[in-house]
Amino acid sequence: MTVNLTDKNLLVIGLGLIGGSLAKACRQNKIFASISGFSRKAETMSDALSLGLVDEVSDDLQALVSKADVIFLAVPILSTPIVMAQIQPYLRNDTIVTDGGSVKGTVVKAGLELLTDAQLKMFVPGHPIAGSERSGVTAADEHLYIDHRIILTPIAETEPEAVQVVSQMWKSVGAEVDIMAWDYHDEVLAATSHLPHMLAFNLVDTLSKQSENREIFNYAAGGFRDFTRIAASDPTMWHDIFIANHRAILKVLDSYLDELHKLRNAVAVSDGEYMKFVFQEAKEAREHFSEILENRARRLQRSATHE
Ligand SMILES: NC(=O)c1ccc[n+]([C@@H]2O[C@H](COP(=O)([O-])OP(=O)(O)OC[C@H]3O[C@@H](n4cnc5c(N)ncnc54)[C@H](O)[C@@H]3O)[C@@H](O)[C@H]2O)c1
Ligand SMILES: O=C(O)C(=O)C[C@]1(C(=O)O)C=C[C@@H](O)C=C1
């Protein structure tokens, strides 16, 4: 069923990479009647306005929330409960609250604690599996979500109609929507996103301490460069993620460390057979992932040529 959003107002709170990109894509595709924006810093709000991400900004949160039909929260994960508490008194019972935070347990818990029964019916936690190491309002990109997956994690109280509206919003900017339980989401993302970021931060930091003036970096090439891109991600965002999802991250980190120890032992005793087995399996996994990426790139190319 297609839902009509063209008579609705979208309010984006947090006008950085994730919120700014959604606002920009929705505005360029004329998905909503109007798009309002709110962010912590006045400078970010005026940049969002001059970059054409939103139709209006205001520091009057009460007025913005009261007229919003859909609210998208795109602030660091530990700030999400704070913002939810700020907007809760002004939320209409028919206003949908959704978000883009990387950990869903924190957002679900905040919703259950702060929202009324009526407001919970309109509560649709979500997470776009799209992004980059860039952050801030100037990183907003209207193409960010094309052919990317969006995971929605509605709770038992959420009305299916609210999920439909949020799904429609994401599909309208080119994304694919999946529905998942929030705790499963947090386990999966601990493995596919949080652990790789931890390894990249740790590796780049460790190596940077190993030589005077980071001298060894002069002799690094593509492999290391790929790690450094991830390690350039925003420290506040990742600090929040590692605190919010620590249980699931520790579980996957421990099993990773076991495997790393096995590989270490294989190197210590020159067990080439074990090493080749691991490297071959990893290569095959990468080939499988490359096919997914190539299919996505082809679809992106097709949608760009149809624009
Ligand atoms: N960066 C990614 O790759 C990525 C991908 C998917 C999801 N996410 C999630 O999306 C959310 C936003 O991340 P981002 O990359 O857009 O970060 P960002 O730093 O680019 O943007 C966050 C914005 O929120 C504002 N903000 C912070 N606290 C606020 C508050 N209390 N009230 C109002 N505004 C506030 C900041 O000033 C900034 O403009 C995070 O929860 C993150 O986990 C990020
Ligand atoms: O593409 C990247 O560089 C990202 O870091 C995006 C990425 C990830 O894939 O880990 C980061 C955090 C998210 O919550 C979702 C996506």
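**Two domains, two ligands: a short walk through the model**

Let's start with one residue. Ser21 lies in helix α1. Before going further, a reminder: this is a predicted model.

Is Ser21 buried or exposed? Ser21 has 27 other C-beta atoms within 10 Å. The cut-off for buried is 20 or more, so Ser21 counts as buried. What does Ser21 touch, once neighbours within four places in sequence are set aside? Its contacts are Ala140, Asp141, Glu142, Leu144 and Tyr145. Gly52 gives another reference point. Ser21 and Gly52 are 31 residues apart along the chain, and their C-alpha atoms are separated by 11 Å.

Now the overall layout. The protein chain is assigned domain 1 (9-180) and domain 2 (185-269). On the contact between them, domain 1 supplies 14 residues and domain 2 supplies 15 residues. Which element gives the most on the domain 1 side? That is helix α5, residues 104-114, with 3 residues. By residue type, the side of domain 1 that touches domain 2 has 6 nonpolar, 6 polar and 2 charged. The centres of the two domains, taken over C-alpha atoms, are 29 Å apart.

A word on annotation. UniProt, in an unreviewed entry, places the feature "domain: Prephenate/arogenate dehydrogenase" at residues 8-297. That span is 55% helix and 11% strand. Its end C-alpha atoms lie 32 Å apart.

On to the ligands. Ligand 1 has 31 residues around it. Which come nearest? They are Gly14, Gly16, Ser102, Gly131 and Ser135. Four elements give two or more residues each to this shell: α1 (17-28), α4 (80-87), β7 (126-128) and α10 (235-244). The largest share comes from α1, with 3 residues. So we are back at the helix that holds Ser21. The shell around ligand 1 splits into 14 nonpolar, 14 polar and 3 charged. Domain 1 and domain 2 each give at least three residues to it.

Next, ligand 2. Its shell is Ser102, Ile129, Gly131, Ser132, Glu133, Ser193, Ile230 and Ser233. Ser102 and Gly131 we have already met, among the residues that come nearest to ligand 1. The ligand 2 shell divides into 2 nonpolar, 5 polar and 1 charged. Where does ligand 2 sit relative to the domains? Both domain 1 and domain 2 give residues to its shell, so ligand 2 lies between them.

Now to α10, one of the elements around ligand 1. Phe242 is found in this helix. How buried or exposed is Phe242? It has 17 C-beta neighbours inside 10 Å. Buried takes 20 or more and exposed takes 12 or fewer, so Phe242 counts as partly exposed. Beyond neighbours within four places in sequence, Phe242 is in contact with His194 and Ile249. Phe242 and His194 are 48 residues apart in sequence, yet 7.5 Å apart in space, C-alpha to C-alpha.

Last stop, helix α11. It covers residues 246-268, 23 residues in total. From its first C-alpha to its last, α11 reaches 31 Å, close to the 33 Å expected at 1.5 Å a residue. How many of its 23 residues are buried? The count is 2, so α11 is hardly covered by the 20-neighbour cut-off. After α11 comes Ser270, whose phi is positive, near 50°.

To close: ligand 2 lies between the two domains, and the shell around ligand 1 also draws on both.

Methods:
Residues numbered from 1 in each chain as written. Chains lettered and ligands numbered in written order. Predicted model: local features only at pLDDT ≥ 70, side-chain atom pairs only at ≥ 80, totals over all residues. Near = placed C-beta within 6 Å. Nonpolar A, V, L, I, M, F, W, Y, C, P; charged D, E, K, R; others polar. Domains from an automatic or database assignment. Expected span 1.5 Å × (residues − 1). UniProt positions renumbered as here; feature names shortened; annotations may be inferred. Contact = placed C-beta atoms within 7 Å.
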